[in-house]
Amino acid sequence: MAFTRRLLGHGVGLRAKHFAEHLAVEPPVDWVEAISENFMAPGGRPLAVLEKVRRDVPVVLHGVSLSIGSTDPLSERYLALLTDLTSRIEPAWISDHLCWGSHGGRYAHDLWPLPYTEEALRHVVRRILRVQEVLGRQLLLENVSSYVAFRASEMPEWEFLAEVARRADCGILLDVNNVYVSARNHGFDPYAYLAALPASRIGQIHLAGHSDKGRYLLDTHGEEVPAAVWELYAETVRRFGRISTLIEWDDHVPPLGRLVQESRRAAEVEAAALAALQQGALP
């Protein structure tokens, strides 16, 4: 099966701080991404807000707890809750992270990178295929930021990511900030990372901020998108074309107007990158 990219435009994350505004008016963006786990409880205000927003604009479900790379069994309860939420919201697509976050039945509430080995590749592909079978649709998997690497890795991250998408027949949620953060932390070229990805598999982009800790970059989602990430986003657009793009801001969440402003800047960067490409202004 080929992966079909849907173009939604530019969106923002649905955060509790903005619930009242979303209930009062239609969100001033093209689409909204909701953290799946925050809306799995049956009933209550969060789900009521999500249903109202869904009537206004397209919604994407983005999970943080699938733990697709773990050696623990997939949680049937989690998959049932996600299936119920999917039936209720009818999201444009569902995404989660290419990582592991649980072991021995305990969840760490973190997104740990995988060893990039053939064994891990086969393991995670089997699990993605199972999840896609349960949900009856293709998943998008997001590259995570990282600070350590496994000595056992047999291939670079970008090769692992591309091969997962090919073998599991799933899409890629490309987090441009995560590419930049990991590139700085591990010393690889973020532009070479982009060049190695299959354009046909990239279904969504995340943009976010990070903190410079001196010896390393920390993926915080607590600041505006920095200049270097905007530059990498422009290169992403030049290389892959127009792709649905979301501003992620999870810590020190600003007023909705500021978030929307950042989303509109993404639209401007995208338009400028495409215009330059059409004019042949790039080398």
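Lining the largest cavity in this predicted model are seven nonpolar, one polar and two charged residues. That cavity is one of two that reach 30 Å³ or more. Besides the cavities, this briefing looks at how helix α4 packs against α5 and against α3.

**The largest cavity**

- Its volume comes to about 70 Å³.
- The walls are built from L98, L114, Y116, E142, N143, V144, E157, F160, L161 and Y193.
- Helix α5 chips in with the largest share of this lining, three residues.

**The second largest cavity**

- Here we're looking at about 30 Å³ of space.
- S36, G63, L66, Y78, L82, I94, S95, D96 and L139 line the second largest cavity.
- Two elements, α3 (76-89) and β4 (94-97), each put at least two residues into that lining, and β4 gives the most, with three.
- Sorted by class, the lining of the second largest cavity has five nonpolar, three polar and one charged residues.

**α4 against α5**

- Helix α4 covers residues 118-135 and helix α5 covers residues 157-168; they pack at an angle of about 40°, with their axes 9 Å apart.
- That angle makes α4 oblique to α5.
- The crossing of α4 past α5 is right-handed.
- On the α4 side, the contact uses E118, A120, L121, R122, V124, V125, I128, L129 and Q132, and on the α5 side it uses F160, E163, V164, R167 and A168.
- By class, this α4 and α5 contact has nine nonpolar, one polar and four charged residues.
- F160 turns up twice in this story: F160 of α5 meets α4, and F160 also lines the largest cavity.

**α3 against α4**

- The axes of α3 and α4 come within 10 Å and cross at roughly 40°.
- So α3 and α4 are oblique to each other too.
- As α3 passes α4, the crossing is right-handed.
- From α3 come E76, L79, L82 and T83, and from α4 come R130, V131, V134 and L135.
- Split by class, the contact of α3 with α4 has five nonpolar, one polar and two charged residues.
- L82 does double duty here: L82 of α3 takes part in the contact with α4, and L82 is also in the lining of the second largest cavity.

Notes
Residues numbered from 1 in each chain as written. Predicted model: local features only at pLDDT ≥ 70, side-chain atom pairs only at ≥ 80, totals over all residues. Heavy atoms only, no water. Axes fitted to C-alpha atoms, helices over the stretch in contact; angles between N-to-C directions. Helix = DSSP H or I, 4+ residues; strand = E, 2+ residues; numbered from the N terminus. Parallel < 35°, antiparallel > 145°, perpendicular 65-115°, else oblique. Left-handed = near helix turned anticlockwise from the far one by under 90°. Contact = heavy atoms within 4.5 Å. Nonpolar A, V, L, I, M, F, W, Y, C, P; charged D, E, K, R; others polar. 1 Å grid on protein atoms, 1.4 Å probe; cavity = no way out; pocket = protein on both sides within 12 Å on 5 of 7 lines; lining within 4 Å. Points joined across faces, edges and corners; volume = space filled by probe spheres on them.
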